[in-house]
Amino acid sequence: MSSLEIRLFSRNEKLNIFNYLSDFLASFNKERCLYNVYFILNEMDKFFNNSILKRAYLYKKGIKVRSYEEYIKYCSEYENDKNDFEADSDYLLALTRNINLSLDLYIDKEDCLCIVYKINILFSGIEKKSIENSMILARQISNIKEALNNGDVLKRIDKNIYSAFIMIKNLGVEISALPLTEKEKKTEIKFGIPLKNLDNFKDDIISEEISKEIQNIPQYPQHILEAIYTLNNPNTNFSGISAIIKKDPAMTADLLKLANSPLYLPNRKVESIEEAVRTIGIKYIKNVVIFYSTKKIFMNKYNLNLIKNIMKHCQEVAFYSNELAAKLKKDKELKENAFICGMLHDFGKIIVNSVKPGLIDSINDLCLKNGMNSFSVESIISGYNHSVIGSKLSEKWNFPEFLYEAMRYHHIPHDYRIKNKEVVYTVYLADAIYYYLRNTADFENIDGKILEYFDFQDKNSFKEYCDTIFERYEEFEDKI
Ligand SMILES: [Fe+2]
Ligand SMILES: [Fe+2]
């Protein structure tokens with residue numbers, strides 16, 4: 001059975017669009033908005049693909065839609081059936097061969113960034129009504145939090161163009177009329193975003209309640225700061241470090257457990273803290289100290305249920321980060337750094353969950369049902385982006401730069417500010433693998449540049465790799 005999938009823009013074309021957009025925005029010093037603008041392009045891409053597929057679905061079923069109500073009914077049937085729908089691939093191929101989608105990006109005379117799509121089909125009155133309704137709804141709501149509570153309305157619109165409209169609105173553009181014109185059997189959809197709006201765009205806003213919450217998180221305990229200080233000293237020796245660690249019995253126990261874990265594969269059981277320090281390596285103990293102290297502060301402050309699932313996710317991502325780093329190069333530093341970054345990458349979510357219980361779950365739920373990117377949706381909800389929040393904590397605690405960057409950029413791995421590209425790429429891909437293994441992320445939506453960076457040539461080799469490391473993770477999980 002073939003899956004119902006077409007691409008008006010191929011994977012490579014999408015990669016080129018991303019690269020082009022990135023250079024284009026950089027030439028106007030607007031790199032900061034790369035992911036927000038790309039979100040619009042990505043949602044529009046999904047919108048066009050979905051529109052064609054819906055037509056194919058209705059054609060295959062021999063349905064002639066007569067009213068908007070009927071259209072909505074069949075669209076939701078299509079949503080439910082699309083994964084099982086056995087596509088008539090000849091028909092789809094013939095259909096897409098004749099469809100031409102093009103994208104123009106330019107700055108117009110009014111200093112607006114213009115995004116223009118041209119497609120050689122005409123939308124029916126009913127399809128246009130669906131686009132218009134998405135626009136009206138996007139105009140009415142002040143943020144996506146409201147949309148989350150509005151499940152019934154969401155069934156009646158086109159989610160992708162709706163999210164594109166919300167992002168455009170988030171960039172300060174009032175959408176007053178349907179941005180669609182028709183000429184000689186071609187449809188043009190055009191958005192204009194004033195460049196000055198992109199200047200004012202802030203990408204690290206956190207809400208007041210989150211900011212208060214971060215202030216309330218304690219500073220590092222004195223003996224840990226002392227340990228980190230000692231570890232920063234190049235003349236530090238094993239016994240000096242061991243003496244400091246021994247002051248903290250819980251950390252001592254955890255460190256022994258870690259040194260004996262399959263991550264380090266010691267030849268014999270590690271029984272003393274000196275041996276544990278030797279096994280892990282003097283250079284990397286600092287990472288372990290940072291991780292265990294962070295975990296401890298969170299466990300003391302928050303209830304276990306709040307952190308349990310996030311920690312579990314982080315642990316698995318840390319394992320994959322370690323594996324990917326080893327695949328990339330035999331560099332112990334990258335492996336160790338990637339591991340701790342994986343361990344802490346989503347700690348911002350714990351803070352969001354404590355302030356807004358259920359928010360992250362409902363975003364994930366909405367995104368899963370509608371094929372939206374949860375990070376982008378989170379960034380539309382001004383002030384509750386877990387990556388930004390995690391990075392604020394990382395600033396408060398003076399974490400090393402690579403760790404700050406992994407927390408801040410693991411969902412936007414091509415941000416122009418990144419200095420530690422390898423570690424950010426590693427955590428991004430490890431996180432993507434976690435969701436891919438659970439069928440909640442498509443191979444098609446994983447960043448092509450990063451797959452290339454890790455030398456994944458195609459979907460099959462990637463799948464095989466993921467299955468193998470998942471098996472290894474299950475063994476690892478049993479032993480820790
Ligand atoms: Fe994340
Ligand atoms: Fe994650």
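**Note on the helix packing of the predicted model**

1. In this predicted model, helix H16 passes helix H17 in a right-handed crossing. The two helices, H16 spanning residues 304–328 and H17 spanning residues 332–344, pack with their axes 7 Å apart and at an angle of about 160°. Because angles over 145 degrees count as roughly antiparallel, that angle makes H16 roughly antiparallel to H17.

2. On the H16 side, the contact is made by Cys314, Gln315, Val317, Ala318, Tyr320, Ser321, Asn322, Leu324, Ala325, Ala326 and Leu328. From H17 come Leu334, Lys335, Ala338, Phe339, Cys341, Gly342, Met343 and Leu344. By class, the residues of this contact of H16 with H17 comprise 14 nonpolar, four polar and one charged.

3. A second pair worth inspecting is helix H11 (residues 222–232) with helix H15 (residues 285–301), which pack at an angle of about 165° with their axes 10 Å apart. It follows that H11 is roughly antiparallel to H15, and the crossing of these two helices is left-handed.

4. In the contact between H11 and H15, Ile224, Ala227, Ile228 and Leu231 of H11 meet Ile285, Lys286, Val289 and Ser293 of H15. The residues of this contact divide into six nonpolar, one polar and one charged. As background to reading such a list, an α-helix has 3.6 residues a turn, so residues three or four places apart point the same way.

5. Helix H18, which covers residues 347–355, is mostly covered, with seven of its nine residues buried. The buried residues in H18 are Phe347, Gly348, Lys349, Ile350, Ile351, Val352 and Asn353, so that a lysine and an asparagine appear in this list beside residues such as Phe347 and Ile350.

6. Turning to the chain as a whole, there are 25 helices and four strands, and the C-alpha atoms fill a box of roughly 80 × 45 × 40 Å when this is taken along the principal axes. The radius of gyration of the chain is 25 Å, which agrees with the value near 23 Å that a compact globule of 480 residues would have.

7. Of the 480 residues of the chain, 34% count as buried. Among the contacts in the chain with a separation of 6 or more, 67% are accounted for by residues 24 or more positions apart.

How values were computed
Residues numbered from 1 in each chain as written. Chains lettered and ligands numbered in written order. Predicted model: local features only at pLDDT ≥ 70, side-chain atom pairs only at ≥ 80, totals over all residues. Rg over C-alpha atoms; globule rule 2.2 N^0.38 Å. Buried ≥ 20, exposed ≤ 12 C-beta atoms within 10 Å, placed from the backbone. Contact = placed C-beta atoms within 7 Å. Axes fitted to C-alpha atoms, helices over the stretch in contact; angles between N-to-C directions. Parallel < 35°, antiparallel > 145°, perpendicular 65-115°, else oblique. Left-handed = near helix turned anticlockwise from the far one by under 90°. Nonpolar A, V, L, I, M, F, W, Y, C, P; charged D, E, K, R; others polar.
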